[in-house]
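Biologist: I am new to reading protein models, and I would like to go through one slowly with you. Could you show me what to look for, one feature at a time?

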Amino acid sequence: MSVPKYSTGMAKVVNSSLYQHTLGAAVESRIGRIILLASVPLLWLIMLHVGPIYQMLKISLLSHYPVQPGVESHFTLANYAIFFQESIYFTPLIKSFIFATGATAFTLVVVYPVAYYVAKIVKPQGRSKALLLLLVPFWAGELIRTFSVIMLLANRGAVNVLLREIGLIDRPIPMLYTSFSLGFGLVYLICLYMLLPLYSAIEKIPSPLLDAAADLGAGPFTRFRRIILPLSRDGIVSGCSLVFLTCIGVFATPMLLGGPNTVLFPETISSFFHGASDKWPVGAAFALIMLVTALIAAAIFMRLVGGSKRRAI
Amino acid sequence: MNKIIANRRTALKVFGAGTALLAAPYIIRPRPAWAASGVLNVTTYDKFLPQEFLDKFQKDNDIEVRIRLTDDQGKQYNLLTAEGANPSTDIVTVAGHRYSQFIKSNLLQPLDTGKIANWKNLNPAYQDAPWARVDGNLWGLPILAGYEGLARNIDYVPEAPSWEVMFDPQYKGQTSYIVSDFMTIVMQYLGYDGDFVTYVDKPDVAQKATNEARDFLIKHKDMVRKYYDAGSEVQQMFINEDIYLGHSWSGPAAKLIMDGHPIKLSVPKEGTFGFCYTLNVVNNAPNAENAYKLFNAILESPEVGAAMTRQSGYSSTINGVGDVLEERERMASTLPQEEVERIIFFSSVNRDMKNEMIDRATAEVKAA
């Protein structure tokens, strides 16, 4: 093995037997180098993504967790069975899916024109600035932005005060703690996940293609339907998948902005972890049920809208 | 994009940087509680321990107090149970009626009052209260007492002699409550035992009573603006006038009164439940001796108890606090005698049955 020239300290390390039999040996072959390069991201994935899900799976299959003195825990599927036996838990899951689907569709409709404007109407030299302006609110944390929505929509919030000041209303309109406030807050919080993939996809559409279509007599709607929409499909699929998966698992926003009729599945799951009784395994089972159903829904959507071609989110 | 060339140098550099990145949280993390001597880890509610008092305590004793906030007894219990024999906290804040659950799970150590020189400064009513002694031992230092009251905005709701006002159609969409807590109140309102004490070995009777309260709440769901969880939420809703009526722990409502908001807190004729928060030393606490130093410091002066009342809104358990509070502060946490007599302290009897049935009924109300 040829050893490159290093300073004295480094040479000691490189010439040591430990180095030569471990890292030194690994970097000699191309395969070894690739494994070495891949090891860190793999470790990251295992520790921060696969690990917690595995732990949740393990807890979901236990009869008791945390295990109290004098109690023995054993493996069981009963925690999963509870979901299918009790309709009260099925309702919040269905509500979550309906809500996430609606929020995704609404976000797409709202954000698409914005993304198109930035990608195609704004001059190339101004696009970075326009994007930066759109991203400014996202520099604040999720909770701060949620509380800003509360200050906006509360009975004594900015909107009601303004409407009262200009004489349009006598009594405040109850906007907060409703489906409207939850939808509004959620779209505001997650629109970034839709904006960036859409911008990226629309920006890549060649402008001469649109000019040619116009020259051949295609009106704005035809150009949108026949050229822009199909060519931005990748962005739509990616954006919708990201927004849908975020919406389905969102917890703090519905807790803060939602009302008595907007109790979603994550809140049901959290009640098993916060409740007085020993119910972590049921909560873990429900969390995995939500994860699997959400992934299946996203996969079906990607298959239907994204075509047979494999697409990355 | 530049292509990454996987030569030896790049591979080693990326591997080294990546490993350092992954290892950084372990290297730079704060020293764990069990490895630190001049430290005290306290799990408690927001605004229970005044910062000024903590600053003085830290300075006088050379002990760093690390506060971890909780807003729910169940969360605190679950986290402590999960940590098992190696707790990362020395003190927890347990409500007296939850003692049995914590003690049965071996999470607390008995309180040695001999180590608290200022124990005599605790109001005698709390020094050996019936609810405080379990299995022959005392388990915690009572710090703040409260009750579940009916809070109302007096600009819109002039009178509220009964819990019935929470279901009055003229306040539709303008009430709020914590479902699990209010369900026990509704059981009382409907003539049942909301504390389950009389339902020992009578699960059928208890289930029937719980189901009636659950169905009643579902029937009147349109009265509710929001189901809340934390005291700060109900405060915010009252301030924003999103609600005019609410079931509230006495602390958050009293705090609003102290701050000058047009809120009144009362105990309706059907009665309510009282509770007392205590600071408890955790079993296997790594810094138990420091915990006793904190307990002693809390009892040292009524000024500390007064500051706790001012911040949290709850009544102090320390002698002489009433003399230190201003008139407005005292009035905010005081009830007429006839209303005081309507308060029954939560019992620790039959808690498992109560938790099981109320948790389930709560989920049903929310899902309905």
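**Reading loops, strands, helices and a contact**

Modeller: Let us begin with a loop in this predicted model: B:Phe196 lies in the loop between α6 (179–189) and α7 (203–219) of chain B.

Biologist: What is the phi of B:Phe196, and is the residue buried or exposed?

Modeller: B:Phe196 has a positive phi of about 65° although it is not a glycine. As for its surroundings, B:Phe196 counts as buried because it has 26 C-beta neighbours inside 10 Å, and the cut-off for that word is 20 or more.

Biologist: Where is B:Asn350 found, and what is its phi?

Modeller: B:Asn350 is found in the loop between β13 (343–345) and α15 (351–367) of chain B, and its phi, near 60°, is a positive value in a residue other than glycine. With 20 C-beta neighbours inside 10 Å, B:Asn350 therefore counts as buried.

Biologist: How should I describe chain B as a whole?

Modeller: You can start with its elements, which are 15 helices and 13 strands, and then add its extent, since the C-alpha atoms of chain B fill a box of roughly 80 × 60 × 45 Å along the principal axes. Of the 368 residues of chain B, 46% count as buried. You can also ask how far apart in sequence the contacting residues are: among contacts in chain B between residues at least 6 apart, 78% join residues at least 24 apart.

Biologist: In what sense do β1(B) and β2(B) pair, and over how many bridges?

Modeller: The general idea about a strand is that, when it is regular, its side chains alternate between the two faces of the sheet. In this structure, strand β1 (residues 39–45) of chain B pairs with strand β2 (residues 64–70) of chain B in the parallel sense, over seven bridges, and within that pairing B:Val42 stands opposite B:Ile67. Strand β1(B) is mostly covered, with five of its seven residues buried.

Biologist: Which helix joins these two strands in a β-α-β unit?

Modeller: That is helix α2 (residues 51–61) of chain B, and together β1(B), α2(B) and β2(B) make a right-handed β-α-β unit.

Biologist: Let us turn to chain A. At what angle do α10(A) and α13(A) pack?

Modeller: Helix α10 (residues 179–203) of chain A packs against helix α13 (residues 233–249) at an angle of about 160°, with the axes 7 Å apart. Angles over 145 degrees count as roughly antiparallel, and therefore α10(A) and α13(A) are described in that way. The crossing of the two helices is right-handed. Among the residues that meet there are A:Leu186, A:Ile190 and A:Tyr193 in α10(A), and A:Leu242, A:Val243 and A:Thr246 in α13(A).

Biologist: Is A:Ser241 buried or exposed?

Modeller: A:Ser241, which is found in α13(A), counts as buried because it has 24 C-beta neighbours inside 10 Å. To see how sequence and space can be read side by side, take A:Ser241 with A:Leu57: they are 184 residues apart in sequence and 24 Å apart in space, C-alpha to C-alpha.

Biologist: How many residues does each chain bring to the contact between chain A and chain B?

Modeller: The size of an interface is often given as the accessible area lost when the parts come together, but here we can count residues instead. The contact takes 35 residues from chain A and 35 residues from chain B. On the side of chain A that touches chain B, the elements giving two or more residues are α4 (30–60), α6 (87–121) and α15 (265–274) of chain A, and α4(A) gives the most, with nine residues.

Terms used:
Residues are numbered from 1 along each chain as its sequence is written. Chains are lettered from A and ligands numbered from 1 in the order in which they are written. This is a predicted model: local features need pLDDT of at least 70, side-chain atom pairs count only at pLDDT 80 or more; totals for chains, interfaces and linings use all residues. A residue is buried if 20 or more other C-beta atoms lie within 10 Å of its own, exposed if 12 or fewer, and partly exposed in between; C-beta atoms are placed from the backbone. Helices (H or I, at least four residues) and strands (E, at least two) are DSSP runs, numbered from the N terminus. Two strands pair if DSSP finds at least two bridges between them. A crossover is right-handed if, with the strands pointing away from the viewer, the path from the first strand over the helix to the second runs clockwise. Axes are lines fitted to C-alpha atoms, for helices over the stretch in contact, and angles run from 0 to 180 degrees between N-to-C directions. Angles under 35 degrees count as roughly parallel, over 145 as roughly antiparallel, 65 to 115 as roughly perpendicular and the rest as oblique. A crossing is left-handed if the near helix is turned anticlockwise from the far one by less than a right angle, and right-handed if clockwise. Two residues are in contact if their C-beta atoms, placed from the backbone, lie within 7 Å.
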